[in-house]
Each structure stands twice: as structure tokens, then as C-alpha cells.
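Trainee: I want to learn how to read a protein–DNA surface. Can you take me through one?

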Protein chains: 2
Amino acid sequence: MARPVQQRSIQTRDRLLQVAGAMALDQGLAGLRTEAIVERAGVAKGTFFAHFPDKDHLVAELVARRMAGLIPTDAPNVAGFLAGLEPLFALMTAEAEVLDILARFAGPAGQAAGLDVVICDLIAAQAGQLGALQGLGLVRPSPDPATLAEGVFAFLLHAAASAQCPISAPDRLARQQAARDLLARLVSAWIT
Amino acid sequence: MARPVQQRSIQTRDRLLQVAGAMALDQGLAGLRTEAIVERAGVAKGTFFAHFPDKDHLVAELVARRMAGLIPTDAPNVAGFLAGLEPLFALMTAEAEVLDILARFAGPAGQAAGLDVVICDLIAAQAGQLGALQGLGLVRPSPDPATLAEGVFAFLLHAAASAQCPISAPDRLARQQAARDLLARLVSAWIT
DNA sequence: CATAAATATTGACCGTGGTCATATTGCAAG
DNA sequence: CTTGCAATATGACCACGGTCAATATTTATG
């Protein structure tokens with residue numbers, strides 16, 4: 001018989017996520033240790049892996065939660081659309097782990113813990129905006145909005161990745177600004 | 001005094017790469033174990049890490065060597081340019097590890113073991129081709145060839161990633177074909 | 001050739017992610 | 001209540017990447 005999920009189970013899972021999220025805030029995602037999470041959550045290590053297939057899936061869910069709040073809503077024009085990418089770009093470049101997880105779960109690993117859903121939502125939202133801008137004649141009509149949105153996401157990842165690459169510039173801030181410019185250049189050339 | 005690198009050192013390094021490359025051919029990149037590599041190469045584990053900062057750097061070098069032979073040369077027209085992307089796409093989707101390493105080293109980790117150089121070469125080569133095609137009026141003139149090439153690379157990564165994502169389609173072959181179509185759609189919309 | 005210094009190699013050791021047989025807890029039926 | 005079973009939790013254990021003080025080898029120099 002298929003019995004429903006017990007309360008304590010989702011409580012445990014939530015506590016793990018909450019604890020991990022809190023720890024990630026002051027140690028960074030890269031500093032997360034399962035042992036430490038488990039200890040502070042008051043459960044055994046095995047319990048962790050009963051709720052998450054591996055550590056990366058928990059991290060992916062943390063990233064997904066962060067991303068979920070950053071999906072842009074409205075965009076009266078192209079400049080507004082570009083501005084809406086800023087928080088996402090900031091998230092992706094804030095910690096190297098974020099991009100790592102995104103690259104791994106937005107593609108290869110698939111079926112992440114909610115991350116794929118968030119990304120789909122994001123792309124759908126962007127497609128909606130781009131479609132509206134197409135209607136206003138502010139965005140080129142040729143590829144359909146969904147394709148445009150997918151391309152924007154690809155550029156977001158690429159630009160964020162280049163922000164981390166020490167080759168382009170030694171200084172971290174300079175790299176980030178260069179990557180920001182790259183993103184604007186790519187996206188505006190893509191959608192207009 | 002800065003003494004030159006000893007012969008045995010580059011021999012050891014080469015043997016490690018050769019052995020790892022051979023093992024990767026029949027076990028896949030994901031199946032590589034440093035212990036196994038080291039054993040078959042006849043060196044101690046510490047020696048491995050004296051030559052490579054970590055396992056991923058060795059894998060990155062293997063991937064770089066594979067990629068180096070796939071850099072497209074000529075492209076009489078847009079269709080030819082698209083066709084030149086095919087081997088790269090095939091490499092990226094052949095093993096999930098390849099994409100993982102690319103995503104990690106083309107961006108975040110930076111200063112990979114030659115991978116970054118190969119990628120720069122690739123982008124430069126593509127920029128050359130796109131510039132020529134611009135001259136022929138076959139590619140849109142607006143973004144400079146370097147930007148166009150960078151965008152193409154971003155799309156390559158994105159399409160390859162989507163080929164691995166189980167969400168799009170359950171069947172592996174169908175996914176790969178869908179991703180191939182996506183790549184063609186994105187790139188042709190990007191460069192024309 | 002002797003010797004010292006730089007280079008290269010070694011392998012025991014460690015941290016951490018992940019597994020699994022076992023124990024415990026919650027729930028529903030008798 | 002209690003009995004039986006599925007869901008959940010446990011923690012000793014393992015695999016594997018990576019470290020480092022010690023050792024061996026090469027090379028430059030007097």
C-alpha cells in the first residue's frame with residue numbers, strides 16, 4: 001500500500017535545507033560540509049542521503065530558492081529587459097558554486113531538485129516579456145520568443161562564466177564589469 | 001637558480017596522460033580513477049598530484065586534446081559553418097563529463113590545463129570564419145566577429161547541455177536530435 | 001669526483017561524500 | 001491494546017580524491 005509521506009519526514013527535509021541555507025550564508029556554498037549540516041540539524045548522515053540523492057542536489061535546491069525570487073517580471077523596453085537580468089547575473093557571479101551547479105543541473109545532470117523547474121519558469125517568463133516587446137516592435141520578430149529566451153539564458157551563463165575566468169583580467173571587479181558588458185553586448189545584439 | 005624541467009618529469013607526465021587517455025577510451029571519462037591511472041602508469045599517487053593540481057585538470061587536458069583536432073577550418077557559407085560545429089557538438093554530447101569539464105574550466109575554474117587555450121583558439125578560428133562570411137554578406141554585419149563567435153560558443157554549450165537534460169525527452173537519441181535542431185536554430189538566428 | 005642544492009618521487013595518511021544493513025518510529029487493521 | 005508493515009532514521013563503514021614530510025634522483029659547481 002502506498003502510504004503518504006509522514007510529517008516528520010518533510011520536517012527533517014526542511015530543517016536540513018534551512019540549516020544548510022543558513023550555513024551557506026556565512027560560509028559560502030563551497031564551504032558546506034554534509035557532516036556539519038547534519039550535526040547542526042540534529043540528524044544522522046544517512047538521513048541526509050535519504051532526503052537528497054547527493055550533496056549537490058541540496059545545493060541545487062538552495063540555488064533554486066535564491067533564483068526563484070529573482071525572476072524578472074515586467075520590461076517596458078529593451079533596457080528594462082537588460083536591467084532585469086542584473087540580479088540573476090549578480091547571483092551567478094556571487095559564488096563560483098552557483099554557476100557550477102547551474103551548469104551541471106541546467107543541463108547534464110538534469111532533474112535537479114527544483115532547479116530545472118525554476119529555470120523553465122525563468123525562460124518562460126523571459127519569453128513572455130520578449131514576446132510582448134516583439135509586439136511593440138522593440139525586439140526583432142524573427143526567432144520566436146521561446147528561442148530568444150533560451151538564447152538569453154545561454155548568454156547569461158556564458159557571461160557569468162567569463163566573469164570567473166582569471167584569463168580575461170586579474171582583478172575580480174574588472175572581470176565582473178567586463179562580463180557585464182559582454183552580457184549586454186551579446187543580449188542586445190541577440191534580441192534587436 | 002632556475003633549473004630546467006628534467007626529462008623524466010615530462011616523461012612521467014606524458015605517461016600519465018597517455019595511460020589516462022587510453023583508459024578513458026574504454027571506461028569513459030567518468031570511470032577514471034586516479035588510483036587506477038597511477039597503478040597502470042607505474043608511479044605513486046603523490047606523483048600524479050605533483051604533475052596535475054587535481055584530477056579534473058588531467059581530464060581537462062584530455063578533453064582539450066580531443067577538441068584541438070576538431071577546430072573547424074573553412075566555411076564557404078553559413079551551412080558550412082553550421083556543419084563545422086557538428087564534431088564539437090558530438091564531442092560535447094558524447095560524454096556528460098566533457099560538458100561538465102568545459103563548463104567548469106571554460107569559465108569558473110579558469111586556467112585549465114590547456115583547455116582555455118584551445119577554447120580561445122576555437123573562438124578565434126570561428127571569429128575568422130564569421131568575419132570572412134561577413135565580408136561575403138552572408139553573415140549579418142552588426143556585432144563584430146569576435147562577439148559573434150563568443151555567442152556561438154555559448155550556444156554550443158547550451159545546446160549540448162540540453163541534450164543531456166532528461167526533461168526535454170526520455171529517449172537519448174531524440175534528445176540529441178532536438179538539441180541539434182536547437183543549436184542550428186539558435187546559431188542561424190544569431191549570425192544571420 | 002665530491003658535494004650541495006634543486007627537482008622529482010614516494011606512500012602512509014586524512015577529509016569528505018556516499019552506502020547499507022540494522023534499528024526505530026508511525027500508522028492502520030484486527 | 002497489539003500486532004504487522006511501511007516509512008524513516010541511524011552510524012559504522014567504504015571509496016576516492018588529495019596532502020605532505022621524508023626519500024631518491026638529477027644537475028650544477030668547486
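Trainee: Which atom of DNA strand D does a polar side-chain atom of B:Lys45 approach?

Mentor: Check the atom pair, and ask whether the partner belongs to a base or to the backbone. In this predicted model, the B:Lys45 side chain places a polar atom 2.9 Å from a base oxygen of DNA strand D.

Trainee: Which elements give two or more residues to the surface near DNA strand D?

Mentor: Both chains take part. Chain A supplies helix H1 (7-27) and helix H3 (45-51), and chain B supplies helix H3 (45-51). H3(A) has the largest share, with 4 residues.

Trainee: What lies 2.9 Å from a phosphate oxygen of DNA strand D?

Mentor: A backbone N or O atom of A:Gln6. A:Ser9 uses its side chain instead: a polar atom there is 3.5 Å from a phosphate oxygen of the strand.

Trainee: How many residues surround DNA strand D?

Mentor: Count residues with a heavy atom within 4 Å. Here there are 23, and the closest are A:Thr12, A:Gly46, A:His51, B:Thr34 and B:Lys55. Of the strand atoms that come within 4 Å of the protein, 67% belong to sugar and phosphate.

Trainee: How does that surface split by class?

Mentor: Into 9 charged, 9 polar and 5 nonpolar residues.

Trainee: Which residues of chain A does the UniProt "DNA-binding region" cover?

Mentor: Treat a record as a label to set beside the model. The unreviewed UniProt entry assigns that annotation to residues 33-52 of chain A. In the model, this span is 75% helix and 0% strand, and its end C-alpha atoms are 14 Å apart.

Methods: Residues numbered from 1 in each chain as written. Chains lettered and ligands numbered in written order. Predicted model: local features only at pLDDT ≥ 70, side-chain atom pairs only at ≥ 80, totals over all residues. Heavy atoms only, no water. Polar contact = N/O pair within 3.5 Å; in protein donor to acceptor, adjacent residues only side chain to side chain. Nonpolar A, V, L, I, M, F, W, Y, C, P; charged D, E, K, R; others polar. UniProt positions renumbered as here; feature names shortened; annotations may be inferred.
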